[in-house]
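Morning, everyone. Please have a look at the screen, and we'll start.

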Amino acid sequence: MMQTCCIHHPSLSSPLRTLPRCDASAIGVKPPRVCKVGFTGKKHPLGISRGRRLDVNLNANDAHPSMSMFEEETSPENTAPVSPEAELPFGKWSPSKYIWRGLSVPIIAGQVILRILKGKIHWRNTLQQLERTGPKSLGVCLLTSTFVGMAFTIQFVREFTRLGLNRSIGGVLALAFSRELSPVITSIVVAGRMGSAFAAELGTMQVSEQTDTLRVLGADPIDYLITPRVIASCLALPFLTLMCFTVGMASSALLSDAVYGISINIIMDSAHRALRPWDIVSAMIKSQVFGAIISVISCSWGVTTTGGAKGVGESTTSAVVMSLVGIFIADFVLSSFFFQGAGDSLKNCV
């Protein structure tokens with residue numbers, strides 16, 4: 001025989017439900033004293049369902065129920081997530097760091113050119129940067145050029161001597177140094193020494209908000225920081241290239257005379273016959289272009305630095321790498337433009 005009792009609670013959101021109660025006296029079993037009934041309320045918008053648990057305790061004396069209710073929040077696994085609102089196709093897309101850094105290079109280069117044409121040059125900073133880029137970089141450039149010249153001399157002398165072309169060695173070395181080796185080697189050394197310094201200095205100023213302080217004080221960072229570095233690099237590199245060419249040829253001649261017995265006069269006479277004024281001019285033009293590439297890229301990477309000390313280190317490394325890539329690309333373009341067709345520079349040396 002089944003008896004039912006109706007329980008109604010005003011705080012429950014579910015409709016009235018009946019609680020079954022078994023008449024256990026008919027079968028000789030002691031009736032239970034506690035019945036637990038679960039009620040499920042409304043679902044939360046985030047997929048969390050709030051349930052109510054009702055504990056019904058039956059009094060052993062008069063069998064009157066006493067209730068206690070508890071609320072529980074559950075997140076069932078099969079609850080469907082709320083569908084997001086419709087978004088634009090490129091609403092969350094942001095350009096890569098290399099993209100907006102690459103776009104900053106022509107912008108900064110254009111601003112520097114406008115400052116130079118208008119005469120807005122901070123001469124004190126320009127002279128300081130010229131001293132750093134020129135005289136203070138001369139030692140490492142000359143040392144590098146000396147050993148590169150001696151290494152090339154070993155290769156050329158061994159091969160040309162077997163062919164009986166001793167009088168062509170000086171001309172070949174002179175053309176190689178003037179057209180390619182001197183501007184490229186000098187630019188690589190300056191990119192590693194000064195390009196990294198430019199990127200690190202401007203990157204540190206950017207992350208420490210010193211550039212913002214300059215703007216507050218009424219000083220433009222382009223005039224005060226970037227333009228002096230670009231001018232110093234473009235002026236110092238041609239003279240460094242000329243010095244490296246001279247030292248490289250001198251070291252080659254000394255090594256040829258001391259080790260292989262080829263007189264210095266033969267090397268110098270061959271170089272004099274092979275060289276043309278345009279070879280020296282083209283080397284200085286190349287080095288000037290390389291200086292502009294190094295300074296603009298390094299300063300652009302510096303002023304776009306983010307992320308604290310880690311960002312400064314990444315900007316410095318990336319600036320040097322991109323400067324070297326720019327140097328090699330520009331060297332190919334300028335060489336193909338300056339030296340077209342068959343050359344006759346070595347005809348007088350044979």
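In which helix does Val321 lie? Val321 lies in helix H9. One caution before we go on: this is a predicted model.

Now, is Val321 buried, partly exposed or exposed? Its relative accessibility is 44%. Buried means under 20%, and exposed means over 50%. So Val321 counts as partly exposed.

Val321 has company on the surface. It belongs to a nonpolar patch with Tyr98, Met322, Val325, Ile329, Phe332 and Val333. Together these residues have about 670 Å² of accessible area. Which helix gives the largest share of the patch? That is helix H9, residues 308–338, with 6 residues.

Let's bring in the record. UniProt, in an unreviewed entry, lists five stretches under "transmembrane region": residues 98–117, 138–157, 235–268, 289–307 and 319–339. What does the model show for two of them? Take residues 319–339, as listed in that entry. The span is 95% helix and 0% strand. Its end C-alpha atoms lie 30 Å apart. Now residues 289–307. Here the span is 79% helix and 0% strand. The end C-alpha atoms lie 31 Å apart.

Next stop, helix H4. This helix covers residues 169–207. Thr186 lies in it. Is Thr186 buried or exposed? With 1% relative accessibility, Thr186 counts as buried. A polar atom of its side chain lies 2.7 Å from the backbone oxygen of Ser182. What else does Thr186 touch, leaving out residues up to four places away in sequence? The list is Cys141, Leu181, Leu237, Leu240, Thr241 and Cys244.

Stay in helix H4, and find Val190. Val190 has 2% relative accessibility, so it counts as buried. Its contacts, with the same limit of four places in sequence, are Thr133, Cys141, Gly195, Leu237, Leu240 and Ile294. Look at Thr133 in that list. In sequence, Val190 and Thr133 are 57 residues apart. In space, their C-alpha atoms are 7.5 Å apart.

On to charges. How many salt bridges does the structure hold? It holds 9. Let me show you some.

Start with Arg132 and Glu201. Their side chains meet in a salt bridge, 2.8 Å from N to O. Arg132 lies in helix H2, residues 123–133, and Glu201 lies in helix H4, so this pair ties together parts that are 69 residues apart in sequence.

Glu201 also forms a salt bridge with Arg229. The closest N and O atoms are 2.7 Å apart. This pair links distant parts of the chain as well: Arg229 is in helix H6, residues 221–259, Glu201 is in helix H4, and 28 residues separate them. How covered are these two partners? Glu201 has a relative accessible area of 26%, so it is partly exposed. Arg229 has 7%, so it is buried.

One more pair: Arg215 and Asp212. Their side chains meet in a salt bridge at 3.1 Å, N to O. Both sit in helix H5, residues 210–216. They are 3 residues apart, so about one helical turn separates them. Asp212, at 36% relative accessibility, counts as partly exposed.

And a last item on charges. Arg115, Asp220 and Asp223 are joined into one network by salt bridges that share partners.

That's my tour. Over to you for questions.

Note on methods
Residues are numbered from 1 along each chain as its sequence is written. This is a predicted model: local features need pLDDT of at least 70, side-chain atom pairs count only at pLDDT 80 or more; totals for chains, interfaces and linings use all residues. Side-chain values use heavy atoms; hydrogens and water are left out. Helices (H or I, at least four residues) and strands (E, at least two) are DSSP runs, numbered from the N terminus. Buried means under 20% relative accessible area, exposed over 50%, partly exposed in between (1.4 Å probe, protein chains only). A polar contact is a pair of N or O atoms within 3.5 Å; within protein, one must be able to donate a hydrogen and the other to accept it, and residues adjacent in sequence count only if both atoms are side-chain atoms. Contact means heavy atoms within 4.5 Å. UniProt positions are given in the numbering used here, feature names are shortened, and annotations may be inferred rather than shown by experiment. Patches are made of residues with over 30% relative accessible area and no salt bridge: like charges are joined within 9 Å, nonpolar side chains (Val, Leu, Ile, Met, Phe, Trp, Tyr) within 5 Å. Accessible areas come from the Shrake-Rupley method with a 1.4 Å probe; for residues, only the protein chains shown count as cover. A salt bridge is a side-chain nitrogen of Lys or Arg within 4 Å of a carboxyl oxygen of Asp or Glu.
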